[in-house]
Amino acid sequence: MLEKITPRVTSVGVDNTKERKFENQYVLYHGMAYNSYVVKGEDKTAVIDAVEEKGFVEWRTHLVAALEGEMPDYLIVQHMEPDHSATILDFCEIFPDVRIVCSAKAAGMLNQFFPDCGLAERVIAVKEGDKLELGGVTLQFLAAPMIHWPEVMMTYCPEERVFFSADAFGKFGAVGYEDDWINEARRYYTNIVGKYGAQVQSLLKKAAGLEIHTIAPLHGPVLSENLGYYIGLYHKWSTYTPEEDGVLIAYASVYGGTAEAALLLGSMLMAMGVKVITFDLCNQPVSEAVAQAFRYSKMILASVTYDGGLFPAMHDFLYHLASKGFKNRRVGLVENGSWAPVAAKMMAGMLEKMKGMKICENVFTIKSRLNNDTDREPMVQFIHSFLSE
Ligand code: FEO
C-alpha cells in the first residue's frame, strides 16, 4: 500500500491480509488495512499515524521508500488505540529526533501505553485550530473526541485539500481486496463508531467548512471521488436514520420452530412487496446483524424462550444494539415457548431502554411449532398491525 495520493502526500500503510478478527471480536473476511501517510513540505516532513504491531516491518519499508532518504520531523498521532499506536516506540527508535504531535489527552495515553520510555519529552501537544507549517504545506488540527476515543484529532491539509479522518470513513478489509465499499464500511461504522453519532454530526459540521478533495482514513481505501456519497451515508448513520424502507427479521432458534415462523413471516411480507432480509443470529456474526439493523427502517425479532428468559443469541444482539445507542425503529416481536413463553416480554424490556423504539403491541406467540390451523390468522393480524401502527 505504497501510493502517492497527491503531489505531497504518500500513503505508506499496511494490509494485514491474514487478520481474522478486528478488536479481537469482529470477524474479518478479507483482513484489515492500517493506513499511515507521509506529508512532505519544503522544510519539514510529517508522518501521520503509526500502524499495528504486526505491520511494522512492511510499514518501515514503505516509509523508507516514501521518505527518499530524508528524516521525518514529526509523527502526528491522531488516535492512540493500539491498532494505530503500537509501533510508535519502534518508529521513535529508528528516528530519534522525531517530535510527536498529538492532543494533550493522547500525550497522557502515550505514557500509559509506553511507560518509562521517555516519549513524553518528544511531545508537542496541539488543540483544535492549531497549525503545523511544513514549508508550503500546512497541517491543521481538528479535535474529534469520541470518534472513537476521547483523545482523537483529525488533520486537514489545505494546500493538498486532503482530510485525514482517523477512524472515520474507514472500513473492514485490506485495501487489496477492494469490494463494494458500503457493506464493510457500514459494518465497521455501526460496530466501531455507532455509539458516537452526536460526535460524528459535530465533525461533519466542521468538515463542511473545508474544501476537501480527498479523505484519507486510517482503515480502508483513500476516497477521492464522489465524496458526497460517503458523507451522505455518514449523515444517515450518525443520525440513526435508516438507509432503506425494509424489514430486518432477526431470529434466534434452538430446534427450528422459531426460525420457521420467522422465515414464513418473511415470505409473507415479501409477497406483499415489502423488502425483507432474514438473519440467523445463532449462525451469522452479530456485527452483520447490527449493520443491517442500522440499514433498514423496521425489525421483527423472533426468539425462543430459554431457561425462563431470553435465548442468549437474541440477548447478545439486543445488548450490542443498546451499546451502540441504536434508536428510532419500528419493532415487531415473535416469541416461542413450549410451556411458558416470555421472550417477547424480555425483548421489550431491552428495547424500551433504547430511545424512540416503537414496539408493535400485537405480539405473535407460537407454542413449540407453527400450527397451520391455528397460527395462520394470528400471523396475518400480526403483519397487519406491524405494518400499520
Ligand atoms: Fe482504528 Fe479506534 O482505532
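Which residues is alanine 185 in contact with, leaving aside its neighbours within four places in sequence? Hold that thought for a second, everyone. What we have on screen is a predicted model, and I'd like to walk you through a few corners of it.

So, back to alanine 185. The contacts are Gly170, Lys171 and Trp237, once neighbours within four places in sequence are set aside. Alanine 185 sits in helix H5. With a relative accessibility of 0%, it counts as buried, because the cut-off for that is under 20%. There is also a pair here for those of you who like distance maps: alanine 185 and glycine 220 are 35 residues apart in sequence, yet their C-alpha atoms are 8.4 Å apart in space.

One of those contacts, Trp237, takes us to helix H7. Trp237 is among the buried residues of H7, together with Leu227, Tyr230, Leu233, Tyr234 and Ser238. Why do I say these share a side of the helix? Their directions around the axis cover an arc of only 130 degrees, and that puts them on the same side of H7. It helps to recall that an α-helix has 3.6 residues a turn, so residues three or four places apart point the same way. What do the buried residues of H7 pack against? The list is H5, helix H6 (197–208), strand E16 (214–216) and helix H9 (286–295).

For a geometry check, H7 covers residues 227–238, twelve residues in total, and its first and last C-alpha atoms are 16 Å apart, close to the 16 Å expected at 1.5 Å a residue. After H7 comes tyrosine 240, with a positive phi near 60 degrees. Tyrosine 240 has that positive phi although it is not a glycine. You will find tyrosine 240 in the loop between H7 and strand E17 (244–252), and at a relative accessible area of 6% it is buried.

Now let's move to the other helix I wanted to show, H1. This one runs over residues 56–67, and its twelve residues should span 16 Å at 1.5 Å a residue; the end C-alpha atoms are 16 Å apart, which agrees. Which residues of H1 are buried? They are Phe56, Trp59, His62, Leu63, Ala66 and Leu67. Looking down the axis of H1, you see these buried residues within an arc of 125 degrees, so they line one face of the helix. Turned away from that buried side is a face carrying Val57 and Val64, which are exposed. The cover over the buried residues of H1 includes strands E2 (9–11), E3 (14–16), E7 (37–40) and E8 (45–48), along with helix H3 (88–94). Right after H1 there is glutamate 68, again with a positive phi, this time near 50 degrees.

Let me stay with Trp59 for a moment. In soluble globular proteins, nonpolar side chains tend to be buried together. Here the largest nonpolar core has 64 residues, and Trp59 and Ile88 touch the most other members. Helix H5 (residues 181–193) gives this core its largest share, seven residues. Another core lies apart from it, with 32 residues, among them Val290, Leu301, Val304 and Leu318. Beyond four places in sequence, the residues that tryptophan 59 touches include Val12, Val14, Val47, Val51 and Phe91.

Val47 is our way into the strands. In E8, Thr45 and Val47 on one side and Ala46 and Ile48 on the other are all buried, so to speak with both faces covered. E7 and E8 run antiparallel and are joined by four bridges, and valine 38 has valine 47 in E8 as its bridge partner. These two strands make a hairpin, with four residues between them. With strand E9 (residues 74–76), E8 pairs in the parallel sense over three bridges; alanine 46 has tyrosine 74 in E9 as its bridge partner. Going from E8 through H1 to E9, the chain makes a β-α-β crossover that is right-handed.

Two backbone details before I sit down. The peptide bond from isoleucine 147 to histidine 148 is cis, with omega near 10 degrees, and histidine 148 lies in the loop between strand E13 (138–143) and strand E14 (153–157). Then there is arginine 161, not a glycine, with a positive phi of about 55 degrees. Its place is in the loop between E14 and strand E15 (162–164). Arginine 161 counts as partly exposed, at 31% relative accessibility.

Notes. Residues are numbered from 1 along each chain as its sequence is written. This is a predicted model: local features need pLDDT of at least 70, side-chain atom pairs count only at pLDDT 80 or more; totals for chains, interfaces and linings use all residues. Side-chain values use heavy atoms; hydrogens and water are left out. The expected span of a helix is 1.5 Å times one less than its number of residues. Buried means under 20% relative accessible area, exposed over 50%, partly exposed in between (1.4 Å probe, protein chains only). The arc is that of the directions from the helix axis to the C-beta atoms. Contact means heavy atoms within 4.5 Å. A nonpolar core is a set of buried Ala, Val, Leu, Ile, Met, Phe, Trp, Tyr and Cys residues joined through side-chain atoms within 4.5 Å. Two strands pair if DSSP finds at least two bridges between them. A crossover is right-handed if, with the strands pointing away from the viewer, the path from the first strand over the helix to the second runs clockwise.
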